[in-house]
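Please study the sequence and the three-dimensional structure shown below. The paragraphs that follow lead through the chain step by step.

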Amino acid sequence: MHTKAKRLEQVKAEQARATQAGNSSLGFAPWVELDGYADSLSKLHREVDAREIHRLSAAYKYTQEAYIRRTLLLHAGTDPRGEC
């Protein structure tokens, strides 16, 4: 997990320095990793923490899907307001 967190940090830094829009692949889905972590917490009987991490995972996935939808609409010349 530490390696994947470092990769996410690296990609975010690259995006911050970017001068044009682009696409960066992490090589993994962060929401899948978060769900796995939440499942591990649940096995340790840390249900409150597990629920919070599952919520974080769902929120992350939702924002990524909304970003993709918005980008596709913009590329199609459609106003994305109210769509995402």
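A salt bridge is a side-chain nitrogen of Lys or Arg within 4 Å of a carboxyl oxygen of Asp or Glu. By this rule, five salt bridges are counted in the structure, which is a predicted model. The general idea is simple: side chains of opposite charge can pair when their charged atoms come close. Before individual pairs are examined, the confidence of the prediction deserves attention. The mean pLDDT of the chain is 87, and 92% of the residues reach a score of at least 70. Confidence is highest in helix α2 (residues 30–43), with a mean of 96, and lowest in helix α1 (residues 2–17), with a mean of 80.

Helix α3 provides a useful check of geometry. This helix covers residues 47–75, which makes 29 residues, and at 1.5 Å a residue it should span 42 Å. The expected span is 1.5 Å times one less than the number of residues. The C-alpha atoms at the two ends of α3 are 42 Å apart, so the model agrees with the expectation.

Which residues of α3 are buried? They are A50, I53, S57, A66 and L73, and the buried residues of this helix pack against α2. S57 offers a closer view of the helix to which it belongs. Its relative accessibility is 2%, and because buried means under 20%, S57 counts as buried. When neighbours within four places in sequence are set aside, S57 is in contact with W31, L34 and D35.

Other parts of α3 are accessible at the surface. Y67 lies in this helix and is partly exposed, with a relative accessible area of 46%. Together with I68 and L72, Y67 makes a nonpolar surface patch of about 330 Å².

The salt bridges may now be considered one by one. D49 and R46 are joined through their side chains, with a distance of 2.8 Å from N to O. Both partners are partly exposed: the relative accessibility of D49 is 33%, and that of R46 is 40%. Another salt bridge links E52 with R55, and here the closest N and O atoms are 2.5 Å apart. These two residues both belong to helix α3 and stand three residues apart, about one turn of the helix. E52 is partly exposed, with a relative accessible area of 43%.

A further salt bridge connects the side chains of E65 and K61, at 4.0 Å from N to O. Why are E65 and K61 separated by about one helical turn? They are four residues apart in helix α3, which means a separation of about one helical turn. Each of the two counts as partly exposed, E65 at 44% relative accessibility and K61 at 35%.

The regions on either side of α3 complete the description. H45 is found in the loop between α2 and α3. Is H45 buried or exposed? Its relative accessibility is 70%, and because the limit for exposed is over 50%, H45 counts as exposed. The phi angle of H45 is near 65°, a positive value in a residue other than glycine. The C-alpha atoms of H45 and Y60 are separated by 24 Å, and the two residues are 15 residues apart along the chain. Just after α3, G77 also has a positive phi, of about 80°.

Notes: Residues numbered from 1 in each chain as written. Heavy atoms only, no water. pLDDT = per-residue confidence, 0-100. Buried < 20%, exposed > 50% of the residue type's maximum accessible area, 1.4 Å probe, protein only. Contact = heavy atoms within 4.5 Å. Patch = residues over 30% accessible without salt bridge, like charges linked within 9 Å, V, L, I, M, F, W, Y side chains within 5 Å. Areas by Shrake-Rupley, 256 points an atom, 1.4 Å probe, with all protein chains shown as cover.
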